[in-house]
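Opened a new model today and went through it with the notebook beside me. These are my entries, in the order I looked things up.

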Amino acid sequence: MRSVYALTQLAAAIGAVASQPADSWVFGNSLFYLGPPSGNSHITKATYSIVPPSVPSGAKSNGDDEPWVSVWVGASSTAGDQDANLYQPIFNWCPDQESQGCPATAQEWCVAASTYTPFAVVNSMVVQTVTMNDKIISKESDALDAPLQYLYSSNECYTGAGSCGSVDGWKITNLTVTLSGADTSFDSVMSLDSVTDAEFKSTDGGITWHTDRITVNTIDFDSSDDTQVQ
Ligand SMILES: *[C@@H]1O[C@H](CO)[C@@H](O)[C@H](O)[C@H]1NC(C)=O
């Protein structure tokens, strides 16, 4: 511990310290958070496209404990309980993608450049399908642990022994959420945290909800202004 402390002091003295401590989980503060629907209603389907940003810039590796960055939209039965499943189609990036088992270059996200990611609940299974240019590139079915109540986005960084740099803004487009029963005020549980939303509304009395676009801001993972450390 003492040597890490001494190194941090030295780095601070030469002005080179990243503002996040090593091995931190850091979340960008630009996200949407939707749920829960009222009564016994739950989310039975969500479809959207993700227009991903360029890969992060300014990330720094420091040995084998690589930083990595993810952007995702996920669905869960709880408001973030670690014990509940999070069904989460995801974009991952790491300076050395192969070190994370992904055969991509440092200029590419793992999963896609342009992805359309629907998931649906069928017979108590959650079916996630990732398609790119109308071709299925990833598919997964998992048992549903409890009815889905929440849908939210995240920008996530694991600093490793380095730092994540920053990731440009990105867009979630054509988001459609289908409920098991009508909730005419589902828009009241759509929280927008430093994102802009085209307008989340229902045209069928509260079963199907849609917005054309949610725009996520640029996140500097190395800045405490843009992030929360968990
Ligand atoms: C939006 O998503 C729906 C499926 O939910 C699809 O049928 C439609 O073509 C999409 N629209 C655009 C503009 O991509």
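**Charged pair**

I started with Lys201, which is partly exposed, at a relative accessible area of 41%. I note that this is a predicted model, so no experiment stands behind the coordinates I am reading. What does Lys201 form a salt bridge with? I found Glu199 as the partner, with the closest N and O atoms 3.8 Å apart. That falls inside the cut-off, because a salt bridge needs the nitrogen within 4 Å of a carboxyl oxygen. Glu199 is partly exposed too, at 47% relative accessibility. I then looked up how many salt bridges the structure holds, and the count is 1.

**Overall make-up**

I counted elements next: the protein has 1 helix and 19 strands. It runs to 230 residues, and 43% of them count as buried. I also checked how far along the chain the contacts reach. Taking contacts between residues at least 6 apart in sequence, 72% join residues at least 24 apart.

**Core**

Which residues have the most contacts inside the largest nonpolar core? I wrote down Phe32, Leu34, Trp109, Leu151, Ile172, Val177 and Phe221, out of 36 core residues. Several strands supply at least two residues each, among them strand 2 (31-34), strand 3 (43-51), strand 4 (68-76) and strand 11 (150-158). Strand 13 (170-179) is also on that list, and strand 13 gives the most, with 5 residues.

**Strand 4 and its partners**

I picked strand 4 for a closer look. Is it mostly covered or mostly open? Mostly covered: 8 of its 9 residues are buried.

I went through its pairings one by one:

- Strand 11 runs antiparallel to strand 4, and 9 bridges join the two. Here I found Trp68 opposite Tyr158.
- Strand 6 is antiparallel to strand 4 as well, with 4 bridges between them. Val71 stands opposite Phe91 in this pair.
- Strand 5 (residues 86-87) pairs with strand 4 in the antiparallel sense over 2 bridges. Ala75 faces Tyr87 there, standing opposite it.

**Gln88**

Gln88 sits in the loop between strand 5 and strand 6, so I checked its exposure: it counts as partly exposed because its relative accessible area is 24%, and buried would mean under 20%. Which residues is Gln88 in contact with, leaving aside neighbours within four places in sequence? I listed Trp72, Val73, Gly74, Gln128 and Glu156. For Gly74 I also took the C-alpha separation, which is 4.1 Å, although Gln88 and Gly74 are 14 residues apart along the chain.

**Glu66**

My last stop was Glu66, in the loop between strand 3 and strand 4. Glu66 is buried yet has no salt bridge. In general, side chains of opposite charge can pair when their charged atoms come close. How far away is the nearest side chain of opposite charge from Glu66? That side chain is Lys60, and it is 13 Å away. I did find a polar contact, with the side chains of Glu66 and Ser61 joined at 3.0 Å.

I closed with the surroundings of Glu66, not counting residues up to four places away in sequence. Glu66 touches Ser61, Cys94, Pro95, Asp96, Ser99, Gln100, Tyr158, Thr159 and Gly160. I had met Tyr158 earlier, opposite Trp68 in strand 11.

Technical notes:
Residues numbered from 1 in each chain as written. Predicted model: local features only at pLDDT ≥ 70, side-chain atom pairs only at ≥ 80, totals over all residues. Heavy atoms only, no water. Core = buried A, V, L, I, M, F, W, Y, C linked by side-chain atoms within 4.5 Å. Buried < 20%, exposed > 50% of the residue type's maximum accessible area, 1.4 Å probe, protein only. Pairing = 2+ DSSP bridges. Contact = heavy atoms within 4.5 Å. Lys, Arg positive; Asp, Glu negative; His and termini not counted. Polar contact = N/O pair within 3.5 Å; in protein donor to acceptor, adjacent residues only side chain to side chain.
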